[in-house]
Amino acid sequence: MTDTDLSKLLNQIPSAFNPANAAGLDVDIQLHLVGENGGDWVMGIHKQRCTIQEGTAPAPRVTIQTHSEDLKALFDGRMNITRAFMSGKLHLQGDMGFAMSLAKLFRKG
């Protein structure tokens with residue numbers, strides 16, 4: 001995935017956010033992407049809004065580590081979060097229950 005493709009994908013995440021399913025959430029999620037153009041980004045969900053910014057969160061509720069290509073597959077619905085975790089394509093640290101419920105916060109594709 002090129003840097004442009006990754007930036008485009010990360011910029012699409014907030015527009016796919018479903019605020020109706022995020023009532024009461026006040027969390028930061030650390031994204032640690034490996035592979036080409038990898039890096040660290042923070043997905044913030046606060047006041048029923050989702051933001052993405054480059055960097056690290058001091059105390060994320062969950063940290064998601066995956067390859068940038070696998071993040072794209074997760075986001076567009078080609079890969080299931082549970083299956084990705086079980087196959088080792090996705091590594092989670094922190095609140096596992098919350099991590100497994102993240103998909104309900106976003107519309108597919």
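## Overall architecture

Helices, counted from four residues upward as DSSP H or I runs, and strands, counted from two residues upward as E runs, are numbered from the N terminus. In this predicted model, the chain contains 4 helices and 5 strands. Their order along the sequence is α-β-β-β-β-α-α-β-α.

The chain has a radius of gyration of 13 Å, which agrees with the value near 13 Å for a compact globule of 109 residues. Along the principal axes, its C-alpha atoms occupy a box of roughly 35 × 30 × 30 Å. Of the 109 residues, 39% are buried. Among contacts with a separation of 6 or more, 61% join residues that lie 24 or more positions apart.

## The nonpolar core

The largest nonpolar core comprises 32 residues, and the members that touch the most others are Ile29, Ile45, Leu105 and Phe106. Contributions of at least two residues each come from helix H1 (3–16), strands E1 (26–34), E2 (39–46), E4 (62–67) and E5 (90–94), and helices H2, H3 (81–86) and H4 (96–100). H1 gives the most to this core, namely 5 residues.

Phenylalanine 106 is one of the core members that touch the most others. With residues up to four places away in sequence left out, phenylalanine 106 is in contact with Ile13, Ala16, Phe17, Asn18, Met43 and Cys50. Of these partners, Ile13 and Ala16 fall within the range of H1 (3–16), and Met43 falls within that of E2 (39–46).

## Helix H2 and the largest pocket

Helix H2 spans residues 68–75 and is mostly covered, with 6 of its 8 residues buried. The buried positions are Ser68, Asp70, Leu71, Ala73, Leu74 and Phe75. After H2 comes glycine 77, which has a positive phi near 85 degrees. H2 is also among the elements that supply at least two residues to the largest nonpolar core.

The largest pocket has a volume of about 510 Å³. It is lined by 18 residues, of which Leu74, Phe75, Ile81, Leu102 and Ala103 are the closest to its centre. H2 and H3 each provide at least two lining residues, and H2 gives the most, with 3. By character, the lining consists of 13 nonpolar, 3 polar and 2 charged residues. Leu74 and Phe75 are thus named twice: they belong to the buried residues of H2, and they are among the lining residues closest to the pocket centre.

## Backbone in the E2–E3 loop

Most residues other than glycine have a negative phi. Lysine 47 departs from this sign, with a positive phi of about 50 degrees although it is not a glycine. Lysine 47 lies in the loop between E2 and strand E3 (49–54). Because exposure requires a relative accessible area over 50%, lysine 47, at 78%, counts as exposed.

Glutamine 48 is likewise a residue other than glycine with a positive phi, in this case near 60 degrees. Its place is also in the loop between E2 and E3. The relative accessible area of glutamine 48 is 36%, so this residue is partly exposed, a class that lies between the limits of 20% and 50%.

Conventions: Residues numbered from 1 in each chain as written. Predicted model: local features only at pLDDT ≥ 70, side-chain atom pairs only at ≥ 80, totals over all residues. Heavy atoms only, no water. Buried < 20%, exposed > 50% of the residue type's maximum accessible area, 1.4 Å probe, protein only. Core = buried A, V, L, I, M, F, W, Y, C linked by side-chain atoms within 4.5 Å. Contact = heavy atoms within 4.5 Å. 1 Å grid on protein atoms, 1.4 Å probe; cavity = no way out; pocket = protein on both sides within 12 Å on 5 of 7 lines; lining within 4 Å. Points joined across faces, edges and corners; volume = space filled by probe spheres on them. Nonpolar A, V, L, I, M, F, W, Y, C, P; charged D, E, K, R; others polar. Rg over C-alpha atoms; globule rule 2.2 N^0.38 Å.
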